[in-house]
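Biologist: I am new to this structure and would be grateful for a close look at a single part of it, the sheet. Please describe how its strands are arranged and what surrounds selected residues within them.

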Amino acid sequence: MGELVMPSKCRGFTLLEFLVAILILSVGLLGMMQAVNNAIGYNMTTQLRDEAVRLADEKMAREKAKPFDAISTTTKRERVKVTMVNAFQNYSVVRKGSIITSSTKSIQIDVFWRYKGKKYGHVISSLVSESVF
């Protein structure tokens, strides 16, 4: 009895070829996972900025709704805790007011927050004039 010889077309992969294929697939999957991680981080940063803009606009609308004499020219600081995507985010809100002229005041709202160790901020300002009728 002789040895059984397989034709060259019927041969399978060698172990080395299989390991190289697994290595290439692993590198590709790690690259895709990193891309997804970056996308999630950018998305969260955008959501936090959108919330800060909403918060600043809300504070500014409240200030502008006050009568001219009731608008304070002092600095006021407060912390605001916001629920976002099953988590809490703390925002620091600073409201600054100043007198420009006897009939004009300036209001500035600064909103600051931290995400992944970096500090971010959003600032809006407006002038309010006393209506003379």
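Modeller: In this predicted model, strands S2 and S3 pair in the antiparallel sense, and nine bridges connect them. Within this pairing, Lys96 stands opposite Gln108 of S3. The link between S2 and S3 is a hairpin of two residues.

The wider arrangement may now be set out. Four strands make up an open sheet, following one another in the order S1-S2-S3-S4, with antiparallel pairing. Its edges are formed by S1 and by strand S4, residues 118-129, each of which pairs on one side only. From one strand to the next, the twist averages 20°. In general, the strands of a sheet are paired through backbone hydrogen bonds, in either a parallel or an antiparallel manner.

On one side of S3 stands S4: the two run antiparallel and are joined by 12 bridges. An example of the register is Val111, whose bridge partner in S4 is His122. Helix H1, which spans residues 15-65, packs on the sheet and touches S1, S2, S3 and S4. The direction of H1 makes an angle of about 155° with that of S3.

Two residues of S3 deserve separate attention. The first topic is Asp110, which belongs to S3, a strand covering residues 104-115. Asp110 has a relative accessible area of 4% and is therefore buried, since buried means under 20%. The side chain of Asp110 makes a polar contact of 2.8 Å with the side chain of Gln108, the residue that Lys96 faces across the pairing of S2 and S3. Apart from neighbours within four places in sequence, Asp110 is in contact with Ser92, Val93, Val94, Lys96, His122 and Val123. Among these contacts is His122, already met as the bridge partner of Val111.

The next topic is Lys105, which is also found in S3. Lys105 is buried but has no salt bridge. The nearest side chain of opposite charge is that of Asp69, 5.3 Å away; a salt bridge requires a distance within 4 Å, so this pair does not qualify. The side chain of Lys105 instead reaches two backbone oxygens: that of Phe68 at 3.1 Å and that of Ile71 at 2.9 Å. Phe68, Asp69 and Ile71 are also listed among the contacts of Lys105 beyond four places in sequence. Others in that list include Thr73, Ser98, Ile99, Ile100, Ser126, Leu127 and Val128.

The remaining pairing is that of S1 with S2, which is antiparallel and extends over nine bridges. Met84 has Ala87 of S2 as its bridge partner. Two residues lie between the strands in the hairpin of S1 and S2, where Val85 adopts a positive phi near 45°. Val85 is thus located in the loop between S1, residues 76-84, and S2, residues 87-101. With a relative accessible area of 58%, Val85 is exposed, because that value is over 50%. Val85 and Met44 are separated by 41 residues in sequence, and their C-alpha atoms are 9.4 Å apart in space.

To draw these points together, S3 is joined to S2 by nine bridges and to S4 by 12. Asp110 and Lys105 are both buried, whereas Val85, in the loop between S1 and S2, is exposed.

Methods. Residues numbered from 1 in each chain as written. Predicted model: local features only at pLDDT ≥ 70, side-chain atom pairs only at ≥ 80, totals over all residues. Heavy atoms only, no water. Buried < 20%, exposed > 50% of the residue type's maximum accessible area, 1.4 Å probe, protein only. Polar contact = N/O pair within 3.5 Å; in protein donor to acceptor, adjacent residues only side chain to side chain. Contact = heavy atoms within 4.5 Å. Lys, Arg positive; Asp, Glu negative; His and termini not counted. Pairing = 2+ DSSP bridges. Axes fitted to C-alpha atoms, helices over the stretch in contact; angles between N-to-C directions.
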